[in-house]
Structures are given as C-alpha cells and as structure tokens.
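Here are my notes for you on this one. Have a look at the picture first, then go through the points with the model open beside you.

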Amino acid sequence: MLDFNTLAPGGELPPLHKAPVSREQLSLYAEASGDRNPIHLDDEVAKQMGLGGVIAHGMLSMGFLGHYLAHLAGPQGVRRLRVRFAAMVRPDDTLTCKGVVGSVAPDGTVQAEIWAENQRGEKVTAGDGEFVLTPRTTKNV
C-alpha cells in the first residue's frame, strides 16, 4: 500500500511487473496508435534495418510508465510524465516499472524518478513523473 505519510526522498516505490511483450500486443498497439512501421511488425524488415529483429514501439514502454504512475496514484493523481528511450524492447522481454521518490510536498505532490527495466535489469525507458496523493489517503498497490 502506498501511503503518503510514509513516503520520503530516496524511498523506493513499489514495482509494477508487466506481462512479457508479445507480437500480438505489438500488432494491437500498431493498430491503435496508427504506427504500423514494419520494424515493429516484420522481422525481415527489422533485420534489413540492422535491428536484428522486431522491436517494440518506444511509446509502448512510455505507456507502461504512464500506467505505473496511475497505478501508484490513480489516474486522477497523475500530473506529469517525461521519458527518454534508452534501449530497445523486443518481443518476450518482461518489463518491470520502478521508481524512487525525489521529493514529497506538503500538498501531497510527489516527484519521482521512474524507469522500466527488462528482465536483464537494463533500463529501457527512464524519466521522471509527478503525482499527487492526499495526506489523508492511501492507495492500494
């Protein structure tokens, strides 16, 4: 349970484990986003581009971090998300979203460093976020 009253700078936030990235998920994301670039869908094209095979959309891992913030604070509590893409995500990679508290304001605003890492512990998407928890409430996570 994420409790505003126990958050402190440097404290770890509870992780969010995502299911392995699947080719079906990449296909569904391509349709939903309109990004049908073949490097996300066709191994041969991705190999011709020097990628060694299909890679996931960067915005998919960014979406996972958005889900992470909403998981921590509820969708209404998310205020900001900024990321940079650090490494490629491939089908069957298992991502875990993690975070560390940077600051906690009296009004419940939490600044945090957040990232998604793969099963090898490599940060694939990293950035920072801001969310709000009220001092009187806790959030089950």
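1. Let's start with Asp92, on the outside. Asp92 is exposed, with a relative accessible area of 61%; anything over 50% counts as exposed. To find Asp92, look in the loop between β3 (78-85) and β4. Keep in mind that this is a predicted model.

2. Stay with Asp92 for its backbone. Most residues other than glycine have a negative phi. Asp92 is not a glycine, and yet its phi is positive, at about 80 degrees. For another positive phi, go to Gly74, just after α3, where the value is about 85 degrees.

3. Now step back to the whole chain. How many helices and strands does the protein chain have? The count is three helices and seven strands. Walking along the sequence, you meet them in the order β-β-α-α-α-β-β-β-β-β.

4. Some overall numbers help here. The C-alpha atoms fit a box of roughly 55 × 30 × 20 Å along the principal axes. The protein chain has 141 residues, and 38% of them are buried. Its accessible surface is about 7400 Å², with 53% of that belonging to carbon and sulfur atoms.

5. Take contacts between residues at least 6 apart in sequence: 64% of these join residues at least 24 apart. As for charges, there are 14 positive and 16 negative ones, and their mean positions lie 4 Å apart.

6. Next, the inside. The largest nonpolar core has 27 residues, and Leu2, Leu7, Leu13, Tyr68, Cys97, Phe131 and Leu133 have the most contacts inside it. At least two core residues come from each of β2 (12-17), α3 (58-73), β4 (96-104), β5 (109-117) and β6 (123-132). Which element gives the most to this core? That's α3, with seven residues.

7. So α3 deserves its own look. This helix has 16 residues and spans 23 Å from first C-alpha to last, close to the 22 Å expected at 1.5 Å a residue. Its buried residues are Leu60, Ser61, Phe64, Leu65, Tyr68, Leu69, Leu72 and Ala73.

8. Finally, click on Leu13 and see what surrounds it. Which residues is Leu13 in contact with, leaving aside neighbours within four places in sequence? They are Leu2, Leu7, Tyr68, Leu72, Gly99, Val100, Val101, Ala112 and Phe131. Of these, Tyr68 and Leu72 are among the buried residues of α3.

Notes: Residues are numbered from 1 along each chain as its sequence is written. This is a predicted model: local features need pLDDT of at least 70, side-chain atom pairs count only at pLDDT 80 or more; totals for chains, interfaces and linings use all residues. Side-chain values use heavy atoms; hydrogens and water are left out. A nonpolar core is a set of buried Ala, Val, Leu, Ile, Met, Phe, Trp, Tyr and Cys residues joined through side-chain atoms within 4.5 Å. Buried means under 20% relative accessible area, exposed over 50%, partly exposed in between (1.4 Å probe, protein chains only). Helices (H or I, at least four residues) and strands (E, at least two) are DSSP runs, numbered from the N terminus. Contact means heavy atoms within 4.5 Å. Accessible areas come from the Shrake-Rupley method with a 1.4 Å probe; for residues, only the protein chains shown count as cover. Lys and Arg count as positive and Asp and Glu as negative; His and the chain ends are not counted. The place of a charge is taken as NZ of Lys, CZ of Arg, CG of Asp or CD of Glu. The expected span of a helix is 1.5 Å times one less than its number of residues.
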